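Hi there,

Here is the structure I promised to pass on to you. Please open it next to this email, and then read on for what turned up in it.

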Amino acid sequence: MKSFINVQDLGPLDKALAEATEIKNDRYKYQHLGKNKTLMMIFFNNSLRTRLSTQKAAMNLGMNVIVLDVNAGAWKLETERGVIMDGDKSEHLLEAIPVMGCYCDLIGVRSFAGLTDREYDYAETVLHQFIKYSGRPVFAMETATVHPLQAFADLITIEEHKTVERPKVVLTWAPHCRALPQAVPNSFAEWMNAAEDVDLVITHPKGYELDPKFVGNARVEYDQKKAFEGADFIYAKNWSNPGVTCPEDYGKITCEDRSWTVDTEHMSWTNNGKFMHCLPVRRNLIVTDDVIESENSLVIPEAANREISCSVVLKRMLEALVTGASK
């Protein structure tokens, strides 16, 4: 596996889930794969779970780790070609990327959406520059449009806690005070569709439709109560307007309806449903205290599984390095 961005990069999900279980039972089993190998983690944005879980996974596999915060301690980077660099940006990404590649074996990139230019964001310009110019395998630690490590961890969590063979999983929009990207809901929808043994429903206000390539075969229900009825898992997440039905609204907050906040009444509509969220979460805006603190809240096990999802991905990439070197 030379890159990891979407669910298709991982191959059959049943095998990936079996591998996740194996690694969870023995996190240090494959330390030999990472011996004398270096992971470089590049952050264009803040992180807590992604930073800690990815670094822990890499160390479990015996790797050295370099962490670069682009906005704290590095030269300011220009990302656009053709720009006259007479401002505050001292280095171009097209020189910085191959230099970074000289010092590592694998690269993880975290870069959020700008939420002003939909075409630019959905082209994943920054990530694809790393893939093209680094000369190293690259994986996404959240990008403008996807967060595959989170979605994989979500799938692992659902598999571990489901009580029926084909659970009803609801992805629900919830209000927020800031405009957020669609990366987490995009990937969650994509991975739940790929899992096949999941009945996925997506609920949100009209106008907040996700890109059809991520929605896939999911049922879209604009009535939140109808969507929640009989649900086994509720995955709450805010996203700004995706601009699918109204391009000029891309990245904007066009709904502030607080009735979408997940509270005890909302959860009473479910089949004793489990609550999920990727974190960080704005309490009493996305979800109320009583719901996130309830025995049905999976936010901590879900976060813990970030280490496992990343371990599987890094293991696969390291195995590909070994195979490539032996040819």
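Below is a walk through the sheets, the helices beside them and the cores. Please keep in mind that this is a predicted model.

**The two sheets**

Let me start with the sheet whose strands run in the order S1-S7-S6-S2-S3. This sheet is open, has five strands and shows parallel pairing. Its edges are strand S1 (3-4) and strand S3 (64-69); each has a single partner strand, so one side of each lacks a neighbour in the sheet. Further in, strand S6 (residues 106-110) and strand S7 (residues 138-140) run parallel and are joined by three bridges. If you would like a place to look, find Ile 107, which stands opposite Val 138 in S7.

Another open sheet, also of five strands, follows the order S10-S9-S8-S11-S12, again with parallel pairing. Here strand S10 (219-221) and strand S12 (274-276) are the edge strands, each pairing on one side only. From one strand to the next, the twist averages 25°.

**Around strand S9**

Strand S9 (residues 199-203) is a good place to linger. On one side, S9 pairs with S10 in the parallel sense over three bridges, and Thr 203 has Glu 221 in S10 as its bridge partner. S9 also runs parallel to S8, and five bridges join the two. Within that pairing, Lys 168 has Asp 199 of S9 as its bridge partner. Why can S9 be called largely enclosed by the rest of the structure? Four of its five residues are buried, so little of the strand is left open.

Helix H7 (residues 183-195) belongs to this region too: H7 lies across S8, S9 and S11, at about 155° to S9. Together, S8, H7 and S9 make a β-α-β unit, and this unit is right-handed.

**Helix H6**

Now for helix H6 (residues 148-161). Its 14 residues reach 20 Å from the first C-alpha to the last, close to the 20 Å expected at 1.5 Å a residue. H6 packs on the sheet, where it touches strand S8 (168-173), strand S11 (233-237) and S12, and its direction makes about 155° with that of S11. How many of the residues of H6 are buried? The count is 11 of 14, which leaves the helix mostly covered. Among the buried ones are Leu 149, Phe 152, Asp 154 and Ile 158.

Phe 152 deserves a closer look. Apart from its neighbours within four places in sequence, Phe 152 is in contact with Leu 10, Ala 16, Leu 17, Trp 191, Ser 309, Val 312 and Val 313.

**The cores**

Phe 152 also appears in the largest nonpolar core, which has 57 residues. Phe 139, Phe 152, Trp 191, Leu 200, Ile 202 and Leu 314 are the residues with the most contacts inside this core. Helix H12 (residues 299-326) supplies the largest share of the core, seven residues. There is a second, separate core as well: this one has 24 residues, including Ile 5, Val 109, Tyr 122 and Leu 127.

Enjoy exploring the model!

Best wishes

Conventions. Residues are numbered from 1 along each chain as its sequence is written. This is a predicted model: local features need pLDDT of at least 70, side-chain atom pairs count only at pLDDT 80 or more; totals for chains, interfaces and linings use all residues. Side-chain values use heavy atoms; hydrogens and water are left out. The expected span of a helix is 1.5 Å times one less than its number of residues. Buried means under 20% relative accessible area, exposed over 50%, partly exposed in between (1.4 Å probe, protein chains only). A nonpolar core is a set of buried Ala, Val, Leu, Ile, Met, Phe, Trp, Tyr and Cys residues joined through side-chain atoms within 4.5 Å. Contact means heavy atoms within 4.5 Å. Two strands pair if DSSP finds at least two bridges between them. Axes are lines fitted to C-alpha atoms, for helices over the stretch in contact, and angles run from 0 to 180 degrees between N-to-C directions. A crossover is right-handed if, with the strands pointing away from the viewer, the path from the first strand over the helix to the second runs clockwise.
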